[in-house]
Amino acid sequence: MKAYIAAALAALLCLAGCNKASLETTYNKQESQIESFINSLASKSDTLRVEHTNGSHRAIVAEGEGEELGEKGNIVFYYAGYSFNGSVSNSNLFSTNRSEIAQSAGFSLSEEQAMPVMLNLGEDELVEGLRNGLKGVKGGEECYILFSGKYGFGKKAFGTIPANSALAYHVWVESVSND
């Protein structure tokens, strides 16, 4: 009986270790896909700049001006959120407040839903990857913020987003203030 219990515990530990190794492999694959996506953006632009912050990658397509968003600052922005599988396309769009993107994806937005998001980076709830990626943005900036599932919703599915999904946000910053 004791041998059976010991064998069952050993099997459970092995399974947990295998799952953790599998998850790390998934996250590593996502990081490679993110790098490839950023490299493809860079090949099309002489001005692309990339910032890396605590697991988030911010590919800056158009530079902003003025002060940088601090840890407790306020931001007003438009976005398109994607479950990232190596590309950003309408097929993996899960949310947006940008009318033209919603329309091209077949989404319907009300007038209220098509307004920019206003939030305080220190107070509003955001997934870790988005919070880390938004730090340092400036008013007028256009960027992509990408991160593995490790910094997203993790082991829990969220709406149409599968568990452990890498996420990409295309962001258009209207304004930033740290007052």
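In the predicted model, residue N54 is found in the loop between β1 (49-53) and β2. The two strands that flank this loop pair in the antiparallel sense, and five bridges connect them. They form a hairpin with two residues between the strands, and within this hairpin N54 takes a positive phi near 45°. The value is recorded here for a residue other than glycine. With a relative accessible area of 53%, N54 is exposed, because the cut-off for that class is over 50%. Away from the turn, R49 of the hairpin has I60 as its bridge partner in β2.

A second asparagine also has a positive phi. N164 is found in the loop between β6 and β7, and its phi is near 60°, again in a residue other than glycine. Its relative accessibility is 16%, so N164 counts as buried under the limit of 20%. The two asparagines can therefore be set side by side: N54 is exposed, whereas N164 is buried.

The hairpin and the second loop belong to a wider arrangement of strands. Strand β2 (residues 56-62) is joined to β6 by six bridges, and these two strands run antiparallel. One position in this pairing is given by H57, whose bridge partner in β6 is L146. Strand β6 is in turn joined to strand β7 (residues 166-177), also by six bridges and also in the antiparallel sense. In that pairing, C143 stands opposite V171 in β7. Strand β6 (residues 142-147) thus has β2 as one partner and β7 as another. This strand is mostly covered, with five of its six residues buried.

The end of β2 leads to a further loop. E63 lies in the loop between β2 and β3. Its relative accessible area is 41%, so E63 is classed as partly exposed, between the limits of 20% and 50%. When residues up to four places away in sequence are not counted, E63 touches R49, G140 and E141. The last of these contacts links distant parts of the sequence: E63 and E141 are 78 residues apart along the chain, yet their C-alpha atoms are separated by 4.9 Å.

A contrasting environment is seen at I75, which is found in strand β3. Its relative accessibility is 1%, and I75 therefore counts as buried, the limit being 20%. Leaving aside its neighbours within four places in sequence, I75 is in contact with L69, V117, M118, L119, L134, V137, V173, S175 and V176. For one of these contacts, L134, the separation along the chain is 59 residues, and the C-alpha atoms of the pair are separated by 8.9 Å.

Strand β3 also takes part in the lining of a pocket. The largest pocket has a volume of about 350 Å³. It is lined by 16 residues, of which Y79, F94, F153, F158 and Y169 are the closest to its centre. The elements that give two or more residues to this lining are β3 (74-84), β4 (93-96) and β5 (117-120). By residue class, the lining divides into twelve nonpolar, three polar and one charged.

Considered as a whole, the chain has three helices and seven strands. Along the sequence, these elements follow the pattern α-β-β-β-β-α-β-α-β-β. Of the 179 residues in the chain, 38% are buried. Among the contacts with a separation of 6 or more, 65% are between residues 24 or more positions apart.

The confidence of the prediction varies along the chain. The average pLDDT is 89, and 89% of the residues score at least 70. Over residues 6-18, however, pLDDT stays under 50, and for this stretch the model has zero contacts beyond four places in sequence.

Notes. Residues numbered from 1 in each chain as written. Predicted model: local features only at pLDDT ≥ 70, side-chain atom pairs only at ≥ 80, totals over all residues. Heavy atoms only, no water. pLDDT = per-residue confidence, 0-100. Contact = heavy atoms within 4.5 Å. 1 Å grid on protein atoms, 1.4 Å probe; cavity = no way out; pocket = protein on both sides within 12 Å on 5 of 7 lines; lining within 4 Å. Points joined across faces, edges and corners; volume = space filled by probe spheres on them. Helix = DSSP H or I, 4+ residues; strand = E, 2+ residues; numbered from the N terminus. Nonpolar A, V, L, I, M, F, W, Y, C, P; charged D, E, K, R; others polar. Buried < 20%, exposed > 50% of the residue type's maximum accessible area, 1.4 Å probe, protein only. Pairing = 2+ DSSP bridges.
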